[in-house]
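User: Hi! I've got a model open and would like to talk it through with you. Could you pull it up?

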Amino acid sequence: MPDENDNNRPPDNDDPGVGPGSDVGVVTKTAPKTKRPSLYKVLLLNDDYTPQEFVVWLLQAIFKKDPEDAVRIMLHVHQSGVGVCGVYTYEIAETKVAQVMELARRNQHPLQCTMERE
Ligand code: TYC
C-alpha cells in the first residue's frame, strides 16, 4: 500500500530537496538586538570671572582629568571660548553638566556647561 509520508520516496518535481535552492543547512543571521548609544560631548564655556584654579579643580573632580590635562583643557577654553571636557552617553553627560552647574552656583561663579550630540 503506497504511503504518502514515505520518507524514502523520490522528491516531487518542485521540491529541490537537499542541495542548491533548498533551505537545508541555511542559518539566517539575525540582526543584533543591541544598538550603540548616541554619545554627547560635555562642553565648558569661557567667562571672564570664574577662577582658572576652580576650572582646573573641577575638571579633575568631575571629569577625572589628570592635572596636566585639566590645565590644558582649561587654557583651551580660556583662549578659544569653548572646549570638550569629555564624551559620554546621554544620562552620564546630563549628570556631569548638572554637577558642574551646581558647583558653579554654590561657589557663585558664572561658569556655564552644556552638552551636544556628537
Ligand atoms: N577666563 C577665566 C579667567 O581668566 C578662566 C576660565 C577658563 C573660565 C575656562 C571659564 O570655562 C572656563 N579667570
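Analyst: Sure, here is a chat about the ligand site, the strands and the aromatic pairs. Keep in mind that this is a predicted model.

User: Great, ligand first. Which residues are around the ligand?

Analyst: The residues around it are Leu44, Leu45, Asn46, Asp47, Thr50, Gln52, Val55, Met74, Val77, His78 and Leu111. By class, that shell has six nonpolar, four polar and one charged residues.

User: And which polar backbone atom is 2.7 Å from a nitrogen atom of the ligand?

Analyst: That one belongs to Asp47. A polar backbone atom of Thr50 is 2.8 Å from a nitrogen atom of the ligand. On the oxygen side, a backbone N or O atom of Leu45 lies 2.8 Å from an oxygen atom of the ligand.

User: How much of the ligand's accessible area does the protein cover?

Analyst: The protein covers 90% of the 350 Å² that the ligand has on its own.

User: Nice. Which elements give two or more residues to the shell?

Analyst: Those are strand S1 (39–45), helix H1 (52–61) and helix H2 (67–80). The largest share, three residues, comes from H2.

User: Switching to the strands: what does S1 pair with?

Analyst: S1 pairs with strand S2 (residues 82–89) in the antiparallel sense over seven bridges. S1 also pairs with strand S3 (residues 112–117), again in the antiparallel sense, over six bridges. To find your way around, look for Leu39 opposite Thr89 in S2 and Tyr40 opposite Arg117 in S3.

User: Tyr40 caught my eye. How many aromatic pairs are there?

Analyst: The count comes to three aromatic pairs. In one of them, Tyr40 and Tyr90 are edge-to-face, with 5.2 Å centre to centre and 85° between the planes. This pair links distant parts of the chain, since Tyr40 is in strand S1 and Tyr90 is in helix H3 (residues 90–106), 50 residues apart.

User: Are those two buried or exposed?

Analyst: Tyr40 is buried, because its relative accessible area is 15%, under the 20% cut-off. Tyr90 is partly exposed, with a relative accessible area of 41%.

User: What about the pair of Phe63 and Tyr88, how do the rings sit?

Analyst: Phe63 and Tyr88 form a tilted pair, 6.4 Å centre to centre with 35° between the planes. Phe63 lies in the loop between H1 and H2 and Tyr88 in strand S2, so the pair ties together parts that are 25 residues apart in sequence. Both Phe63 and Tyr88 are buried.

User: Perfect, thanks!

Key:
Residues numbered from 1 in each chain as written. Predicted model: local features only at pLDDT ≥ 70, side-chain atom pairs only at ≥ 80, totals over all residues. Heavy atoms only, no water. Near = heavy atom within 4 Å. Polar contact = N/O pair within 3.5 Å; in protein donor to acceptor, adjacent residues only side chain to side chain. Areas by Shrake-Rupley, 256 points an atom, 1.4 Å probe, with all protein chains shown as cover. Helix = DSSP H or I, 4+ residues; strand = E, 2+ residues; numbered from the N terminus. Nonpolar A, V, L, I, M, F, W, Y, C, P; charged D, E, K, R; others polar. Pairing = 2+ DSSP bridges. Phe/Tyr/Trp six-rings, centres within 6.5 Å; stacked < 30°, edge-to-face > 60°. Buried < 20%, exposed > 50% of the residue type's maximum accessible area, 1.4 Å probe, protein only.
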